[in-house]
Amino acid sequence: VSYHELGLLNAVIAVPWLLQVGYFMALPMLVELIIQRGWLRGVWDFLMALPMGLIFFVFHLRTKTFFFTQGLLLGKGGYRGTGRLFGLDRQTLVELYKCYGESHYHEALLLLVCLILYGAFSSDGFLPYLIRCILIILIVFSWLAAPIIFNPNPTGEDLQ
């Protein structure tokens, strides 16, 4: 698949996109890992931390955006007690849904339905569709899976 076949995406998929500020902000972590573990192991550990960091960052931004928007719409601001448990306590899937249903899950399912409809009615092949929608697929996956992935000590009992 060439850029010309993708249409307007050649403006989006560019080399400067790879060199964002976030990579430069992660440079101290990379240097610390190299100092502590050696060159090869440090770079390897840094690269292995990027996917989970990206998922968590996308989820975290949605949380901030949701509550900022709610604050603007409702005219409230400040700290609001959430009743969350201690940071290392495991939550069931029902509790996770209660916490993130309105802010993450409903929006993610809406985006998922839109992706399915776009894929079903688009005249593009699978690869151009995947290239165009990969970031939205990442967002949907992050919003749906991050609470489960980062739930400490998850067990199979949560599924029952």
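Me: Where is the kink in α7 centred, and about how many degrees is it?
Reply: In this predicted model, helix α7 has a kink of about 60°, and the residue on which that kink is centred is Cys133.

Me: What does α7 span between its end C-alpha atoms, and what would a straight helix span?
Reply: Between its end C-alpha atoms α7 spans only 28 Å, whereas a straight helix of 24 residues, at 1.5 Å a residue, would span 34 Å.

Me: Which residues of α7 are buried?
Reply: The buried residues of α7 are Pro128, Tyr129, Cys133, Val140, Ser142, Trp143, Ala145, Ala146 and Pro147, so Cys133, on which the kink is centred, is itself among them by the cut-off of under 20% relative accessible area.

Me: Back to Ser142, then: what is its relative accessible area?
Reply: Ser142, which has its place in helix α7, residues 126-149, has a relative accessible area of 0%, and because buried means under 20%, Ser142 counts as buried.

Me: And which residues does Ser142 touch?
Reply: Leaving aside residues up to four places away in sequence, Ser142 touches Ile55, Val58, Phe59 and Pro147, and Pro147 is also one of the buried residues of α7.

Me: Changing topic, how many helices and strands does the protein have?
Reply: The protein has 7 helices and 0 strands, and from the N terminus on its elements run α-α-α-α-α-α-α.

Me: What percentage of the protein's residues count as buried, and what about its accessible surface?
Reply: Of the 160 residues, 22% count as buried, while the accessible surface comes to about 12100 Å², with 70% of it belonging to carbon and sulfur atoms.

Definitions and conventions: Residues numbered from 1 in each chain as written. Predicted model: local features only at pLDDT ≥ 70, side-chain atom pairs only at ≥ 80, totals over all residues. Heavy atoms only, no water. Helix = DSSP H or I, 4+ residues; strand = E, 2+ residues; numbered from the N terminus. Buried < 20%, exposed > 50% of the residue type's maximum accessible area, 1.4 Å probe, protein only. Contact = heavy atoms within 4.5 Å. Areas by Shrake-Rupley, 256 points an atom, 1.4 Å probe, with all protein chains shown as cover. Expected span 1.5 Å × (residues − 1). Bend = angle between axes of the 7 residues up to and from the residue.
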